[in-house]
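Work through the exercises below with the sequence and the coordinates side by side, and try each task before reading its solution.

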Amino acid sequence: MMTLKKIVLFSFLALIINTIKAQDKLFYKTPAKSDLIRKGTRESGFLQTALPIGNGRLGAMFSGGIDHELFVINEITLWAKSTRGLDEVAQSGTRIDGGKHLEKVREAYRTGKYGNQEGSMEAMGTKYLTSPLKLGNYTSFTNVNIKTGHKPEEIENYQRELNLKEAIARVSYTIENTKYTRTYFCSHPNDVIVMKYTAENGMLDLNINTTTAHKVKKLNVANNKIDLIGEVSLANGESYFSQTIYVDAGKGKVENRNNALHISNTNVAYIYLTGYTDYLPSYPNFKGRDHVADTKNTMDKAVSDGYLKVKQDHINDYSHLEQACQLDLQPQLSGLPTDELLAKGGSIELENLYFNYARYLQTACSRTAPVPSNLQGLWNPYIRPIWNSDYHLDINLAMNYWMVETANLPGSFSPYLSLSKIIAESGQHTAKETYGINKGWSVSHITNAYGITAPMDHGRRIQQSGAWLTQNLFEHYAFNQDIEYLKEIYPILKGAAEFYTEFLAPWKDGTLVVYPTWSPENGYLKKIGGKNNKQAYGASWDQQLILNLFTDCIEAAEKLGIDKKFRKQLKELIPKLSPQKIGQYGQLQEWPEDWDHPKNKHRHISHLIALHPGRDFSPITTKEITKAALVTMDHRGDESTGWSTGWKTCFWARLHNGDKSHQFYEYLTSQRAYNNLFDFHPPFQIDGNFGGAAGVCEMLLQSHLRSVNNKATTIEEAAYVAYKVDSKNSNHFLPVVPSKDLTTAPYILHLLPALPSAWPQGKVEGLRARGGLVVDLEWQNMQLVTASVTANTDSSFRIYDGHQLSAVIHLKKGEVLNWPNQ
């Protein structure tokens, strides 16, 4: 018999094991809701309580129900009600010959025709520039129901969990002497969803059926399989998809019952699911994949490999990504289920878990699929989701990919590049027809999987997003320093810049501005134009991103040794761009006119994009602009939507205010999260999850500044400055033409730039820095203890630590620097 002392010891060890596991998993003592009716923005249903799995293309959410398990399956390329397969010009959505009327539209801007009445900026834009096509929407794939026959009132020891270390989900409970366990994962190597059902000291009795909200062209149940082919309505035809479910019940019995598979006489069953659409990322057709053959071949291989191999390959594949970046804020672990932890309020435990979860979600909704993650990542139970679950280019898509660089998931970036190539191809036609520009490409504020680039909806939302989209493309190069990748993206960068060289037009003061445009999604002069008075000219974010793009193009062309004439053209245009301005309240102006209102609490703060994710505003290099940015942040207030809170976390980190940045991250994780930790916009938008995790990285490491004076001993003297004070007006800041020194300037690694007092000790391994570097950090009592920098390529950099700037450090690929030098 065990002594009391041993019993206490084993109980204590069991508690430790449970709490350690709790830090790396979401878990619950009750099932999720299984009601698929679309809820109001603040209500919780299946989408807000079920747990997600995915491999970047194929994904699912499961309820963990007792009497029946509900799986909602998604395939990231499935769109409805949109258009594909038109000729190259029409597929872009462009309004033919819109460019012939561009000056008529611009005249409404020049003469101040506010509002939306006839002849207004908005009305003229709608009439002459917006697309006749339908955007359509991302849509649901299938639902799978697995009935168990179990009664909720008879079960004990229920647990539903998602293990973030292995990307494996489980459901378990007992009925009398039988323990039932379900194991779920979505394999990237095998491209299948796998489910394992077991009954320890008992037998299984399961019934599996699948349905779709779309038209069923074929449903065949035979030979342990359910084969389904579905048809989705498009605006000009149909698209198709296939799904197969296969059951391996060993020596058990599998039979067809009313177009469902019934499993009996076994204590273990393996269920495999896969499916594809007919989508191919080929503009303008977007079809041609043999979804039937691919479904069959993928399923045959998975079944042939068998459960153990498929599972081990999945764990090996995912664990490599999961281990690439490890954050340990050394929280006091509660062992509470996730919903109870969330209800308890903000905690370091929750903040650490949220970061780990964001990295998991990133791998689950973006890997090697032909399109990137959308507004909901990958997961959508509705035939038509909120905001179409599309690609918003006025922050949301870009925010989805901020953390792939800093949080060490660069392999998730390829779908973003894939869509960018499609947009650049389609956007050539929008540039030419909608705007009369024969160079480069253009895209408006939203797009879909079928490459629409023309302005949609109405003239209120006309926007040029090319500079916003390309910012992430060059940032990916800044982090990886891969010259072959730079060659691949340069035509896209150049095309975006070429469009602006022709589209920019002089304003009243003679400076060059973008118009038509808006400042997403804010309005101005509401007493004159109404609450939706939004179209404008020369919005500050446009001007900031154009400087960013032109500078990137100049650097890229110099590194590649090409386009000397084009570089010269960009350098000549930069001084002509409209300056950034400080307004009457001391704020950074959102528009070239001083229209800002101090009581405007709008969630978008697009005119601080040069602070983050841009690099041109900084407390170190642009002190006056930074002071004005602080006034703007104060005006906008603290409480906001989920994704906006994530962005503000990044803003305050870049402002080197760790406690304020942490305030927003704590609010995001405790007040802007559903029970399954999906971002509460409301409703769910995944960009908040990713924006918050990006903010954590910014608190711990920044590398966006560059040293153009390597002899300087202070960071203020060394760092590149992108804006200078206008000698004629001290409240105006002129964009600076980059010198050739910038092309070879080392990045400055700022260690613990915004460490919050709530995290006095901790460590992080695997943060990425620009220049091809990976950084590990450990700190105690708010002070850096040690850092190590590993070079993934030959690299030169400087370290800024404790207000001291190092000399330039050179590392060869594979070399490691320990800091401070021992």
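**Exercise 1.** In this predicted model, determine in which order the nine strands of the open sheet are arranged, and which strands stand at its edges.

*Solution.* Following the pairing from strand to strand gives the order β1-β8-β9-β10-β11-β18-β15-β14-β13, with antiparallel pairing. Next, look for strands that have a single partner: these are β1 (25-28) and β13 (215-222), so each of them has one side left without a neighbour in the sheet. Finally, the twist from one strand to the next averages 15 degrees.

**Exercise 2.** Describe how β15 and β18 pair, and find which helices pack on the sheet.

*Solution.* Strand β15 (residues 237-248) runs antiparallel to strand β18 (residues 268-277), and eight bridges join the two; among the bridge partners are Thr244 and, in β18, Thr274. Helix α6 (residues 291-305) packs on the sheet through β11, β14, β15 and β18, and its direction makes about 155 degrees with that of β18. Helix α7 (residues 307-322) touches β9, β10, β11 and β18, its direction making about 60 degrees with that of β10.

**Exercise 3.** Classify the ring pair of Tyr184 and Tyr197, and decide whether each residue is buried or exposed.

*Solution.* Such a pair is described by the distance of the centres and the angle of the planes. Here the centres are 6.1 Å apart and the planes lie at 50 degrees, so the pair of Tyr184 and Tyr197 is tilted. Tyr184 belongs to strand β10 and Tyr197 to strand β11, 13 residues apart. Because buried means under 20% relative accessible area, Tyr184 at 0% counts as buried, and Tyr197 at 3% does too.

Key
Residues are numbered from 1 along each chain as its sequence is written. This is a predicted model: local features need pLDDT of at least 70, side-chain atom pairs count only at pLDDT 80 or more; totals for chains, interfaces and linings use all residues. Side-chain values use heavy atoms; hydrogens and water are left out. Two strands pair if DSSP finds at least two bridges between them. Helices (H or I, at least four residues) and strands (E, at least two) are DSSP runs, numbered from the N terminus. Axes are lines fitted to C-alpha atoms, for helices over the stretch in contact, and angles run from 0 to 180 degrees between N-to-C directions. Contact means heavy atoms within 4.5 Å. Rings of Phe, Tyr and Trp (its six-membered ring) pair if their centres lie within 6.5 Å; planes under 30 degrees apart count as stacked, over 60 as edge-to-face and the rest as tilted. Buried means under 20% relative accessible area, exposed over 50%, partly exposed in between (1.4 Å probe, protein chains only).
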